[in-house]
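This report describes the structure shown below, with attention to charged pairs, aromatic rings and the surface.

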Amino acid sequence: MGRTVVLSDLHLASSGGIDLLRRREFRESLWAGLEGADEVILLGDAVELRDLPLAAAIEIARPFFDELAAAIGDGRVVVVPGNHDYHFLDTWLERRRLDGAGPLTLEQRIPVDGGPLAELTRGMGRAQVELAYPGMWLTPDVYVTHGHYLDRHLTVPSFERLAVAAVERVLGGSGEATLDEPGEHGDPGSASPADYERVQGPLYAFLFALAQSGS
């Protein structure tokens, strides 16, 4: 059985240079820790796409991905977007809308065949790269996701929680949903991935658009 490594919240290309893996000495320590791994899961917010214009963020994050490819050879990298790198999903989400695709399930595997993630990973050579969303099953009884859906349920009045509540108020629907089982809009006590996307997706798109102003 192969070795899988899960990394979360790298926030590569954060403004102010606070993302430590932008620095070569930290990346070298990570590559040593990845020895023997044949799968790396980037579990949300791998790249910070809310601080800088897209081209600048991709350029800053590229060395990490190029070196990751060298570290895992022909292994696999699975990118599970979170709220800060949600834009990686835009091409796929638009295709789903055009195709009239059915509801989201707990795991969709998505080939990287275009868009900013394809540009970011074009130097990864033999490594296999794919997207998974909103999470993925590591084993039949272990599921991993970035956790951004939980912002809908926080009681601490953070910016993200208040913004999600504002969108939900505009669109309508219950704020008491859980992810225990599928549900319809406004059905208290249960919700599907589509219910979370409905109230959180517009916020993520807005914040990404703000970053493209370059300010």
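## Salt bridges between helices

In this predicted model, the side chains of Glu67 and Arg24 form a salt bridge, with an N to O distance of 3.5 Å. The pair joins distant parts of the chain, since Glu67 belongs to helix α2 (residues 54-72) and Arg24 to helix α1 (residues 24-33), 43 residues apart. Glu67 counts as buried because its relative accessibility is 18%, and the limit for that class is under 20%.

Glu67 also meets Arg27 in a salt bridge, at 2.8 Å from N to O. Here too distant parts of the chain are linked, with Glu67 in helix α2 and Arg27 in helix α1, 40 residues apart. Arg27 has a relative accessible area of 4% and is therefore buried.

## Other charged pairs

Side chains of opposite charge can pair when their charged atoms come close. Across the whole structure, a search finds 14 salt bridges. One of them joins the side chains of Glu25 and Arg23, at 3.1 Å from N to O. Both partners of this bridge have intermediate accessibility: Glu25 is partly exposed at 43%, and Arg23 is partly exposed at 40%.

A network of salt bridges links Glu39, Arg76, Glu107, Arg109 and Glu130.

## Aromatic pairs

A pair of aromatic rings is described by the distance of the centres and the angle of the planes. The count of aromatic pairs in the model is six. In one of these, Tyr86 and Tyr133, the ring centres are 6.1 Å apart and the planes stand at 70°, so the arrangement is edge-to-face. This pair connects distant parts of the chain: Tyr86 lies in the loop between β3 (76-80) and α3 (90-99), and Tyr133 lies in strand β5 (residues 128-139), 47 residues apart. Tyr86 and Tyr133 are both buried.

Tyr149 and Tyr196 make a stacked aromatic pair, with 4.7 Å from centre to centre and 10° between the planes. Distant parts of the chain are again linked, as Tyr149 is in the loop between β6 (142-145) and α5 (159-171) and Tyr196 is in helix α6 (residues 193-211), 47 residues apart. Tyr149 and Tyr196 are both buried. In addition, Arg152 lies over the face of Tyr196, at 5.1 Å from the ring centre. Elsewhere, ring pairs join Trp31, Phe64 and Phe65 into a cluster.

## Nonpolar surface patch

Which residues form a nonpolar patch on the surface? The patch consists of Val6, Leu138 and Val142, which together have about 190 Å² of accessible area. Val6 is located in strand β1 (residues 3-7). With a relative accessible area of 38%, Val6 is partly exposed.

## Overall architecture

The protein contains six helices and six strands. Their order along the sequence is β-α-β-α-β-α-β-α-β-β-α-α. The radius of gyration is 18 Å, close to the 17 Å that the globule rule gives for 215 residues, so the protein is as compact as a globular protein of that length.

Along the principal axes, the C-alpha atoms fill a box of roughly 45 × 45 × 35 Å. Of the 215 residues in the protein, 47% are buried.

Key: Residues are numbered from 1 along each chain as its sequence is written. This is a predicted model: local features need pLDDT of at least 70, side-chain atom pairs count only at pLDDT 80 or more; totals for chains, interfaces and linings use all residues. Side-chain values use heavy atoms; hydrogens and water are left out. Patches are made of residues with over 30% relative accessible area and no salt bridge: like charges are joined within 9 Å, nonpolar side chains (Val, Leu, Ile, Met, Phe, Trp, Tyr) within 5 Å. Accessible areas come from the Shrake-Rupley method with a 1.4 Å probe; for residues, only the protein chains shown count as cover. A salt bridge is a side-chain nitrogen of Lys or Arg within 4 Å of a carboxyl oxygen of Asp or Glu. Helices (H or I, at least four residues) and strands (E, at least two) are DSSP runs, numbered from the N terminus. Buried means under 20% relative accessible area, exposed over 50%, partly exposed in between (1.4 Å probe, protein chains only). Rings of Phe, Tyr and Trp (its six-membered ring) pair if their centres lie within 6.5 Å; planes under 30 degrees apart count as stacked, over 60 as edge-to-face and the rest as tilted. A charge sits over a ring if NZ of Lys or CZ of Arg is within 6 Å of the ring centre and within 35 degrees of the ring normal. The radius of gyration is taken over C-alpha atoms; the globule rule is 2.2 Å times the number of residues to the power 0.38.
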